[in-house]
Amino acid sequence: MAPGANRGSLLQELTRINHWWTDSDWARTDPQLLAARRAPYDYRPTVLADIAPPNLYSLRGPRRVGKSTVLKQTIARLHRDGVDARRICYFAADSIESQRDIINVFQTARSLFPDLGDAPRYFLIDEVTSVKDWQRGVKWLRDNTLVAGDCLVVTGSSASDVAEGTVHLAGRRGEAVGLDRLLLPMSFPEFTKCAGYPLSDSARVPFAAFYTDEGRRVCQDALVYLATLNDALDAYFLVGGFPQAVASFRQTAEVSAGFARDLWDVVRSDLYRQGVSRPEHCLRLLEGVSSRITSTTSLPNLGTELDIDRRTVGTWLDALASSYLLLMLFKESAGAPEVGKLRKVYPVDPIIARLASLYSSGIPEPNPSQLAEAVLAMAIFRSVEGGSIDRFGRPERLFYYRSASNTEVDFLVLPERRAAESKYIDTPDRRELRAMQDNFGEGLLLTHSAVDLQVKGTILPTSVFAWLLDQGG
């Protein structure tokens with residue numbers, strides 16, 4: 001759309017893309033919904049299932065995760081629930097340029113259908129952060145027009161960009177709780193369903209419950225699926241949870257080269273915003289992250305590999321965490337992170353961990369132990385951090401721990417001080433539990449296939465734990 005779009009051009013665009021205003025059968029030919037129906041699974045995230053006026057929600061997550069599809073599924077659901085289709089307006093903000101255009105979109109849409117009167121509308125604005133100062137336009141609308149009573153959903157792919165915008169809307173977002181929503185690649189339990197593994201439905205188990213007798217009984221019952229779950233986890237290591245990758249796996253038993261290329265372009269563009277113009281820097285950064293998954297990352301050492309300074313490499317990692325592609329854990333000290341010390345850096349999805357090796361045949365694949373620890377890091381983060389949608393660069397409850405004797409524990413959850421360790425092997429020694437028992441009284445040792453459901457020191461296969469764990473926050 002031309003810069004400074006006027007209401008005439010906006011009206012044309014709105015009527016062109018909001019097909020449900022005139023066609024009750026619009027969902028049959030909508031591109032996103034058509035692709036979702038053609039997928040070899042039924043995947044309908046419920047992240048926007050409870051939206052209502054007069055609240056303003058943000059939906060965040062990495063690009064290519066399916067936010068636009070969720071918006072279209074939400075429109076279809078609202079229509080099925082009896083909301084007049086004319087009260088629902090969708091717009092892709094990457095086709096406009098200014099806060100004035102944002103104001104014009106809302107006012108143009110609200111000028112249509114005068115018979116609706118003051119009935120609240122539903123506005124779903126995709127990739128709103130592509131518009132400079134978008135929040136100023138929305139603030140003006142909420143202060144001065146009937147948009148104050150409407151339901152708004154804005155999406156974005158950068159935690160910092162969306163957060164910077166919504167912070168200026170304090171007092172104008174509605175009184176509901178949980179207004180910031182997060183859409184991530186499929187968790188392991190979601191993957192097992194969509195990938196077609198023959199598993200019965202199981203109740204999800206909160207993280208703290210794995211340390212209880214009841215939790216251990218649930219784990220015991222789930223062990224009948226161990227072989228299937230281990231097969232599924234092997235596939236998850238290769239495929240990850242991006243919907244398009246899972247669909248490709250169901251159809252061809254591999255991730256398509258086209259999707260891997262698309263994901264590479266996402267990483268490139270996110271780093272390009274930080275001034276990273278050389279593809280080899282992107283590749284070596286991803287390689288450096290993936291090769292260190294089971295160890296701590298020294299920013300000076302990684303910077304030396306990339307021939308850049310410590311501060312710059314930290315900025316690059318922060319950018320990828322802000323784009324929901326990396327998770328960073330810090331050492332816990334007296335209940336707080338030691339942000340100036342070594343950190344652990346985890347790709348948020350197995351396909352991100354494998355991206356460098358997919359792009360360049362000379363780069364080795366991460367090994368199963370590395371992938372298992374990365375999957376566990378994200379699973380526990382999703383379970384205990386809940387709606388902490390801006391904390392991928394510095395979680396508030398999840399840390400790693402190093403004892404006075406320099407023994408490391410992979411995961412420590414505060415404030416309960418619950419510990420877990422990843423050892424993706426078949427025959428661990430119970431001495432692997434000692435650091436957790438000595439420092440916290442008990443712990444979880446997460447393995448490939450070893451099981452020992454004792455009090456104070458539970459040994460459990462990673463696949464069983466990740467399948468049972470409630471990762472909904």
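Student: In this predicted model, is Y324 buried or exposed?

Tutor: The model is predicted, so keep that in mind throughout. Y324 sits in the loop between α14 (310-322) and β6 (326-330). Buried means under 20% relative accessible area. Y324 has a relative accessible area of 0%, so the residue is buried.

Student: What is the phi of Y324?

Tutor: Y324 is not a glycine. Its phi is nonetheless positive, at about 65°.

Student: Where is R64, and how does its relative accessibility class it?

Tutor: R64 is in the loop between β1 and α3 (67-80). R64 is another residue other than glycine with a positive phi, near 75°. Partly exposed covers the range between under 20% and over 50%. R64 has 38% relative accessibility, so it counts as partly exposed.

Student: Which residue does a cis peptide bond join to P53?

Tutor: Omega of this bond is about 5°. The partner lies in the loop between α2 (31-38) and β1 (56-60). The residue joined to P53 is P54.

Student: Which residue is joined to L414 by a cis peptide bond?

Tutor: Here omega is about 5°. The partner is found in the loop between β11 (408-413) and β12 (418-422). The residue joined to L414 is P415.

Student: How are α11 and α12 set relative to each other?

Tutor: Helix α11 (residues 257-272) packs on helix α12 (residues 279-291) at an angle of about 110°, and their axes are 10 Å apart. Angles of 65 to 115 degrees count as roughly perpendicular. The two helices, α11 and α12, are therefore roughly perpendicular.

Student: Which residues of α12 meet α11?

Tutor: From α11 come W264, V267, R268 and L271. By class, the contact has eight nonpolar, no polar and one charged residues. On the α12 side are P279, C282, L283, L285 and L286.

Student: Which helix gives the largest share of the lining of the largest cavity?

Tutor: The structure holds three cavities of 30 Å³ or more. The largest has a volume of about 80 Å³. Its lining includes V375, M378, A379 and R382. The largest share, four residues, comes from helix α17 (residues 368-384).

Student: How many residues of that lining are nonpolar?

Tutor: Among the lining residues are F188, Y236, D349 and Q471. Two of the lining residues are polar and two are charged. The nonpolar ones number seven.

Student: How far apart in space are N367 and A319?

Tutor: N367 lies in the loop between α16 (355-359) and α17. In sequence, N367 and A319 are 48 residues apart. C-alpha to C-alpha, they are 25 Å apart.

Technical notes: Residues numbered from 1 in each chain as written. Predicted model: local features only at pLDDT ≥ 70, side-chain atom pairs only at ≥ 80, totals over all residues. Heavy atoms only, no water. 1 Å grid on protein atoms, 1.4 Å probe; cavity = no way out; pocket = protein on both sides within 12 Å on 5 of 7 lines; lining within 4 Å. Points joined across faces, edges and corners; volume = space filled by probe spheres on them. Nonpolar A, V, L, I, M, F, W, Y, C, P; charged D, E, K, R; others polar. Axes fitted to C-alpha atoms, helices over the stretch in contact; angles between N-to-C directions. Parallel < 35°, antiparallel > 145°, perpendicular 65-115°, else oblique. Contact = heavy atoms within 4.5 Å. Buried < 20%, exposed > 50% of the residue type's maximum accessible area, 1.4 Å probe, protein only.
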